[in-house]
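I am opening the notebook on this entry and shall set down what I look up, step by step.

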Amino acid sequence: MSEFENNSVQKDTSESASSSNVDNIGSVEGFNLNQEPPSVPVQPPIVHPVQQASVEPPVQPLVQPPVQPSVNPMDTPVSDPVNGENFPPRMPQNTPFIPTQPIVANPIQYTPVTAAETQGKSSKGLKIFCIAVALMILLTGSTLAGYLYGRGYVGTTSSSNLHKDVELDLASKPKDTDQYTPAQVYEKLNESIVGIRVYNKNGNMSDASGVIYTADGYIVTNDHIYSEVGAPKFKIYMHDGTEYNAEYVAGDVVSDLAVLKIVGGKDFKAATFGNSNELFCGENVVALGRPSGASDDTTVTSGIVSLTARRISNTSNYSARLIQTDSAINPGSSGGALVNMYGQVIGITSSKLASANYDNIGFAIPTTTMQRVVTQLISDGKVSDRAKLGITYTELDSVTAEVNNAPASGIYVATVSADSDLYGKISEGDIITKINGKDIISDDVVLDVIEDCRAGDTVTVTVVDEYGNEKDYEAVLGANVGESSYSEVIKSDDKEDSIYGGTFDFPYGE
């Protein structure tokens, strides 16, 4: 077995596996109208809308591996060069001081003053003193607040205003405009690409990339960048080296998208987002990100669009429709930008195939998906309108159907969820041959239809039972509400001795 290292899925890599997927459902007995309906053994069912992936090498996660801490020199005993005596090591800066004797606070010494002693004394000097102190405190506080705001340590961002309605229009390709060179695209987008350092108090850390979504500081990136860092904090590195803190807004493990919000600062340069539906195979693109480290400069690699839509199963066991490119995408580029030659972001880079037999096969989340998901993440904190049919199934292609003497090809129903509108209408062993009148030559047909729908929409499925009888059913699609891999809890196996003691468990990593 092998597994995707970012968008992971278990796949059959045995020598008997082939592109026909004949073994995907096991052996199917012949269908005989005069015999008891046979049962069709299948492999473990696939939860809709996940397809059963073909044999693929693993997908490598793009988060930057951790930097291993060096040995703290303060832990080494110190030798006196004159007397030759050995002294205990100096206390590390982050080690708390533990007193050997109880600390007793000095009592306050005061002499009671009677009311008679205060009579006749003027309070004018006291008032002036109080006013002067108040002005000094106000001035000092204002100066400090301004400094911290400018550095991104404090700001107006809070949990109450992280969620709001944000509209984003995807730009069409400009007409009668020459394409940019890669250098010009880099110049246009460099200020909109940021480095993201994900860390916690125990020292777990990973580096990733992000794209500025709005001028007030919303950043779009991947959900998997914090999947191995409990209770994460976020440091944002701008193109000029300026640092800001950021807060988590929301994430969605199904689409592998997440949103952060910069704390402090304003008037950031948001990227221009193009319409990924206008892409075509062979179109020139470049990828921008921070593969060398969050605090390093943004890099640019060039390539083409290899496929405009290829389905890859990810860690959530969901089949995602992604852009495939041969632009080099490396660890640390998670959440970076795939850009057309008009300077428009048309995808958010997320993963690549990792194998010695494959070169430069990377994937990006289309902006059409990004726009829909991110809009809901910012406004509602979750994706609530994504549709699902509510069944598990095995793909039954024409070759498999013929070899096993099945009555039709399509998708073989394994189970029907109780919350599915098809519950009680169809059952295990039925084969769905059409959806909305489209022949199901592969499960991609079903997945594409469902993905383009919204929860509450109605679809028509054509079903052939094991006796060969065909019937149409109407089904109202349910809601596939997303969750995030973000966790506010540090894992129990994390070290807690110091910020130097933790190590980052590189997800699915080598």
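**Helix 6.** Which residues in helix 6 are buried? I find Asp443, Val445, Val446, Leu447, Val449, Ile450 and Glu451 buried there, where buried means under 20% relative accessible area, exposed over 50% and partly exposed in between, with a 1.4 Å probe and protein chains only. Seven of the ten residues of helix 6 are thus buried, so the helix is largely enclosed by the rest of the structure. Helices (H or I, at least four residues) and strands (E, at least two) are DSSP runs, numbered from the N terminus.

**Ground rules.** I am working with a predicted model, in which local features need pLDDT of at least 70 and side-chain atom pairs count only at pLDDT 80 or more, while totals for chains, interfaces and linings use all residues. Residues are numbered from 1 along each chain as its sequence is written, and side-chain values use heavy atoms, with hydrogens and water left out.

**Salt bridges.** I took a salt bridge to be a side-chain nitrogen of Lys or Arg within 4 Å of a carboxyl oxygen of Asp or Glu, and by this rule the count comes to 14. I stayed with helix 6 to begin with, where Asp448 forms a salt bridge with Arg311, the closest N and O atoms being 2.8 Å apart. Asp448 lies in helix 6 (residues 443-452) and Arg311 in strand 12 (residues 299-313), so the pair ties together parts that are 137 residues apart in sequence. At 26% relative accessibility Asp448 is partly exposed, whereas Arg311, at 10%, is buried. I also noted that a network of salt bridges links Arg311, Arg321, Asp448, Glu451 and Asp452.

I next looked up Glu283, which forms a salt bridge with Lys173 at 2.9 Å between the closest N and O atoms. Glu283 lies in the loop between strand 10 and strand 11 (284-289) and Lys173 in the loop between helix 2 (124-151) and helix 3 (182-189), so this pair ties together parts 110 residues apart in sequence. Glu283 is buried at 4% relative accessibility, while Lys173 is partly exposed at 21%. A further salt bridge joins the side chains of Asp439 and Lys434, at 4.0 Å from N to O, and Lys434 is partly exposed with a relative accessible area of 30%.

**Barrel.** I then traced the strands and found that six of them close into a barrel in the order 5-6-7-10-9-8, with antiparallel pairing; two strands pair if DSSP finds at least two bridges between them. The twist averages 40° from one strand to the next, where axes are lines fitted to C-alpha atoms, for helices over the stretch in contact, and angles run from 0 to 180 degrees between N-to-C directions. Helix 4 (residues 367-380) packs on the sheet, touching strand 7 (218-221), strand 9 and strand 10, and its direction makes about 55° with that of strand 10; contact here means heavy atoms within 4.5 Å. Strand 9 (residues 243-252) and strand 10 (residues 257-262) run antiparallel and are joined by six bridges, and the bridge partner of Gly251 in strand 10 is Ala258.

**Aromatic rings.** How many aromatic pairs does a search of the whole structure find? I recorded six, using the rule that rings of Phe, Tyr and Trp (its six-membered ring) pair if their centres lie within 6.5 Å, with planes under 30 degrees apart counted as stacked, over 60 as edge-to-face and the rest as tilted. One of them is Tyr226 with Phe234, edge-to-face at 6.1 Å centre to centre and 75° between the planes. The rings of Tyr226 and Tyr486 have their centres 5.6 Å apart and their planes at 85°, so this pair too is edge-to-face. The latter pair links distant parts of the chain, with Tyr226 in the loop between strand 7 and strand 8 and Tyr486 in the segment after strand 24 (478-479), 260 residues apart. Tyr226 is buried at 0% relative accessible area and Phe234 is buried at 2%, whereas Tyr486 is partly exposed at 22%. Tyr226, Phe234, Tyr248 and Tyr486 form one aromatic cluster.

**Backbone.** I closed with two positive phi values in residues other than glycine: Ala231, at about 50°, and Asp267, near 55°. Ala231 is found in the loop between strand 7 and strand 8 (233-237) and is partly exposed at 24%, while Asp267 is in the loop between strand 10 and strand 11 and is exposed at 65%.
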